[in-house]
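This report describes how the strands of one protein model are arranged. Please consult the sequence and the structure shown below while reading.

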Amino acid sequence: MSPRSARGFTLLEVMVAIFIMALVITFAFQAYQGIAEAYTRVSDGTSRDRAARILLDRIERELVGAVLVQRELGVDPLAHPYFFFGQPVQQSDAEGFELRFVTQTPLRSPGSPPAPLALVSYGTAASQSGSGVDLLRQEEPLPAELRKQVEWTQPQTVADELAIFSMSFVGEGGEAAAVWDSTSVAQLDQLPLSI
């Protein structure tokens, strides 16, 4: 019996088989790693999207509850605390916005008394992480007189690292406006029809 007819693999055949198996395992591991990274991105994006929807729903509820009480004749417009004010503001490297309005938020537990009027402010500030802007919210009792300038005493950060936070307003004429001021001549004692 000759050595060629003996059953078995040569060293070269074993080396080629190991090389092919290593290639298959490498490709399979890379595919698994890509799938795991995609799953992480999707799950992170989903929770961030969910948080954004909750925040936008909250802002919408507060805007639906926005009130603007007509001034009595002869009352100084600057002493009147009921107003709606929104304007864009430029942050260091991003676009921001400031929104200030009086609201009686309609969301409350059944049977509870109506919520008192409150002055709600939303605004942006440079993010502490250095990228984008943080969205701040502050609620305070209705002041005795008009104060359009926000004094951030106890703001809550409701969203962080936003690239942009912006709004536009539509009035009775149907045209969009970047700024809304219910104490100005053009929009005196008016709420926007849509935001």
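Two strands are said to pair if DSSP finds at least two bridges between them. In this predicted model, strand 1 (residues 84-90) and strand 2 run antiparallel and are joined by seven bridges. Within this pairing, Phe85 has Arg100 in strand 2 as its bridge partner.

Strand 2 also pairs with strand 3 (residues 118-126), in the antiparallel sense and over six bridges. Here the bridge partner of Thr103 is Ala118 in strand 3. A further antiparallel pairing, over four bridges, links strand 4 (residues 133-141) to strand 5. Val133 stands opposite Leu162 of strand 5.

The three pairings are set out below.

| Strands | Number of bridges | Bridge partners or opposite residues |
|---|---|---|
| Strand 1 and strand 2 | seven bridges | Phe85 and Arg100 |
| Strand 2 and strand 3 | six bridges | Thr103 and Ala118 |
| Strand 4 and strand 5 | four bridges | Val133 and Leu162 |

These pairings belong to an open sheet of six strands, in the order 5-4-3-2-1-8, with antiparallel pairing. Strand 5 (156-162) and strand 8 (180-181) are the edge strands, each pairing on one side only.

Why is strand 2 (residues 95-103) largely enclosed by the rest of the structure? Eight of its nine residues are buried, so strand 2 is largely enclosed; buried means under 20% relative accessible area.

The loop between strand 4 and strand 5 contains Glu151. Glu151 has a relative accessible area of 47% and is therefore partly exposed, since this class lies between the limits of 20% and 50%. Glu151 and Ser121 are 30 residues apart along the chain, and their C-alpha atoms are separated by 9.5 Å.

Technical notes:
Residues numbered from 1 in each chain as written. Predicted model: local features only at pLDDT ≥ 70, side-chain atom pairs only at ≥ 80, totals over all residues. Heavy atoms only, no water. Helix = DSSP H or I, 4+ residues; strand = E, 2+ residues; numbered from the N terminus. Buried < 20%, exposed > 50% of the residue type's maximum accessible area, 1.4 Å probe, protein only.
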